[in-house]
Amino acid sequence: MRSDRGQSAPLRLKIAAACGLLFLHLPILLIFVYAFTTEEKSFVWPPPGLTTQWFAVTWNRPDVWEALSLSIRVAAISTAIALVLGTLCAAAVSQTRFFGRETISLLVILPIALPGIITGIALRSAFALADIPFSFWTIVLGHATFCVVVVYNNAVARFRRTSGSMIEASMDLGADGFQTFRHVVLPNIATALLAGGMLAFALSFDEVIVTTFTAGQQQTVPIWMLEELIRPRQRPVTNVVAMVVVLVTLLPILLAYYLTRDGDQIAGSGK
Amino acid sequence: MTIAALNSNPAPAILPGSGGLRGAFSDLFWRRPKLLLFLMLLPPVLWLGIVYIGSLFALLLQSFFSIDEFSGLINREFTLKTYGDLFQAANLDIILRTVTMAALVTLASAVVAFPIAYYAARYARGRWKALFYLGVMLPLWSSYLVKIYAWKLILAKEGILTWLLVKLNLLWLLDGWLSLPIVGGNSLSVSFTGTFIVFVYVWLPFMILPVQAALERVPGNLVEASSDLGASPGQTFRNVLFPLALPGIVAGSIFTFSLTLGDYIIPQIIGTSRLFIGQAVYSQQGTAGNIPLAAAFTVVPIVIMGFYLWGAKRMGAFDAL
């Protein structure tokens with residue numbers, strides 16, 4: 001029996017893979033339908049009617065806007081901190097070999113490798129011991145800690161693909177370290193950093209477990225949603241917010257994907 | 001003559017030093033790469049060391065304190081009493097329930113993930129490959145709470161699943177399942193079955209990606225050789241594909257297992273009133289105010305994951321991450 005390359009998959013495998021993908025996507029799509037339902041009190045399916053009135057109701061809710069504003073500010077600052085820390089760490093780990101290198105990469109990965117509740121309660125008990133009151137900054141402290149890894153992962157991957165001989169060439173041609181960084185290293189890693197930054201933003205924007213432990217009275221969007229899930233006030237508003245959250249997180253992820261995909265053809269990559 | 005000696009003598013240097021403060025720093029870093037390395041590592045290590053590791057130690061420290069049963073105040077003296085409390089029947093129950101759920105979720109994720117990962121690794125090419133990748137990445141990154149919420153809509157009594165089963169005349173099947181002890185309940189959205197489905201759904205992408213990575217390293221002609229030698233597809237799977245995919249599955253299971261151990265939101269929103277470790281931690285530190293016991297509880301997943309990671313490393317799963 002000859003087996004050709006490019007043969008097609010067995011039917012059973014096709015069906016199983018397709019079902020798996022449908023399982024992953026249908027529930028999210030369902031949110032979009034529910035955002036338009038006229039049913040106010042329960043989760044009745046199929047929706048008895050469709051309306052856009054809930055978008056207007058949501059628009060006029062100040063608590064939604066406050067949560068959104070807090071989420072965006074926290075995510076922006078956490079991302080900025082994670083970008084600096086993650087890039088420094090990635091540059092050090094990928095360009096040189098030193099004692100304790102493995103420990104450092106473990107240190108970066110640990111905050112997301114361990115369950116979020118551990119990070120959350122550890123921070124909370126540390127704040128309690130140190131008498132630090134909850135504030136905007138306690139949320140940022142937690143978020144930045146686990147966002148570092150996303151930036152780090154993207155940057156490390158790009159540093160490994162960028163050939164070291166480009167840096168040497170730059171130095172040989174008379175550029176100093178800062179010029180080399182500005183004109184050679186930075187352009188090469190820029191898209192990876194942008195992608196890492198976007199993922200970090202999405203991660204922070206969505207984080208709920210660590211936030212419940214590090215926020216006092218303030219509500220980020222996920223905390224607001226959690227509150228609505230436990231004690232629903234106006235279900236249709238939750239539906240609309242859920243749909244908006246899906247759309248808002250979708251964009252940075254798609255962008256990050258296109259940015260790192262092009263990264264494969266980066267200059268100096270030997271692969 | 002060493003390089004340092006060359007530089008200390010300004011006249012015969014091969015290259016003139018760069019001018020200005022910037023140049024001086026640049027030269028300094030070039031001559032002493034260790035200093036540059038140190039300065040680069042300092043901020044991230046300080047941040048993670050103080051904020052994260054420091055907090056972990058604060059937590060660990062608290063688990064050796066105990067709570068005064070009469071005053072409700074925390075007694076800051078070293079004791080193992082709080083760890084002893086973990087072995088009370090009710091608390092052991094919580095730990096056992098959580099570990100069982102994590103193991104079941106991991107198994108189910110591996111089963112559901114395999115066909116998707118295998119198709120993506122072996123058959124999908126070009127545009128389809130990108131589509132598969134995005135098809136896994138988008139659910140992975142989309143909002144965790146929205147995903148849980150979507151399942152609340154699906155599993156609720158008046159929701160889409162009941163509607164579908166009524167249309168198919170299969171409602172008796174659901175009712176029969178819900179009448180079972182432990183896995184059943186009033187509706188799927190308040191049962192362990194519901195909790196299980198949502199866990200599998202939410203962590204599934206974390207399993208697909210490493211399995212796909214492992215399968216991509218399997219040369220296609222290995223599978224062809226196996227079938228040329230007369231193995232049935234089932235035998236090829238058991239003796240060729242599965243062993244080679246195993247490091248990937250173990251790598252994926254690190255996520256599915258660890259995430260299930262710590263999660264407290266899914267069982268809270270879709271589940272029964274019987275607690276999981278995460279919920280116990282949350283209620284102990286919040287309403288009960290017993291931070292030592294909450295801290296001791298969090299040590300359980302840390303210890304379990306410690307052993308798990310150690311075993312996974314021995315199996316070579318870290319190369320598949």
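**Exercise 1. Explain why helix 10 of chain B is described as largely enclosed by the rest of the structure.**

Solution. Start with the count of buried residues, where buried means under 20% relative accessible area, exposed means over 50%, and partly exposed lies in between, using a 1.4 Å probe and protein chains only. In helix 10 of chain B, 19 of the 25 residues are buried, so this helix is largely enclosed by the rest of the structure. Helices here are DSSP runs of H or I with at least four residues, strands are runs of E with at least two, and both are numbered from the N terminus.

The model is predicted: local features need pLDDT of at least 70 and side-chain atom pairs count only at pLDDT 80 or more, while totals for chains, interfaces and linings use all residues. Residues are numbered from 1 along each chain as its sequence is written, chains are lettered from A and ligands numbered from 1 in the order in which they are written, and side-chain values use heavy atoms, with hydrogens and water left out.

**Exercise 2. Describe the length and the kink of helix 10 of chain B.**

Solution. Step one is the span. Helix 10 covers residues 192-216 of chain B and reaches 35 Å from its first C-alpha to its last. This is close to the 36 Å expected at 1.5 Å a residue, the expected span being 1.5 Å times one less than the number of residues.

Step two is the kink. At B:Trp203 the helix is kinked by about 45°, shortly before the proline B:Pro205. The bend at a residue is the angle between axes fitted to the seven residues ending there and the seven starting there.

Step three is a residue of another helix. B:Ser109 belongs to helix 5 (residues 89-122) of chain B. Its C-alpha atom is separated by 8.7 Å from that of B:Pro205, although the two residues are 96 apart along the chain. B:Ser109 is buried, with a relative accessible area of 0%. Not counting residues up to four places away in sequence, B:Ser109 touches B:Val200, B:Leu204, B:Met207 and B:Thr256; contact means heavy atoms within 4.5 Å.

**Exercise 3. Work out what helix 4 of chain A packs against.**

Solution. Take the geometry to begin with. Helix 4 of chain A (residues 101-113) has 13 residues and reaches 18 Å from its first C-alpha to its last, close to the 18 Å expected. A bend of about 30° lies at A:Leu107, and the proline A:Pro111 follows within four residues.

Next, list the buried residues: A:Arg101, A:Ile104, A:Ser105, A:Leu107, A:Val108, A:Leu110 and A:Pro111. These pack against helix 3 (62-95), helix 5 (116-129) and helix 6 (136-161) of chain A, together with helix 3 (33-63) of chain B.

**Exercise 4. Find which residues of chain B are in contact with A:Ile28, and which residues of chain A touch B:Phe132.**

Solution. A:Ile28 sits in helix 1 (residues 11-34) of chain A. At 11% relative accessibility it counts as buried. Leaving aside neighbours within four places in sequence, its contacts in chain B are B:Pro139, B:Ser142, B:Lys147 and B:Tyr201, and A:Val246 is also in contact.

Now turn to B:Phe132, found in helix 6 (residues 126-141) of chain B. B:Phe132 is buried, with a relative accessible area of 7%. From chain A it touches A:Ala17 and A:Leu21. Its partners in chain B are B:Ile116, B:Tyr119, B:Ala120 and B:Ala124, again not counting residues up to four places away in sequence.

**Exercise 5. Compare three loop residues: which are buried and which are exposed?**

Solution. A:Thr37 is in the loop between helix 1 and helix 2 (53-59) of chain A, and it is buried at a relative accessible area of 3%. Residues that A:Thr37 touches include A:Pro47, A:Trp54 and A:Asn239.

A:Asp131 is in the loop between helix 5 and helix 6 of chain A. It is exposed, with a relative accessible area of 68%, and has a positive phi of about 55° although it is not a glycine.

B:Ile182 is in the loop between helix 9 (171-178) and helix 10 of chain B. At 56% relative accessibility B:Ile182 counts as exposed; its phi is positive, about 65°, although it is not a glycine.
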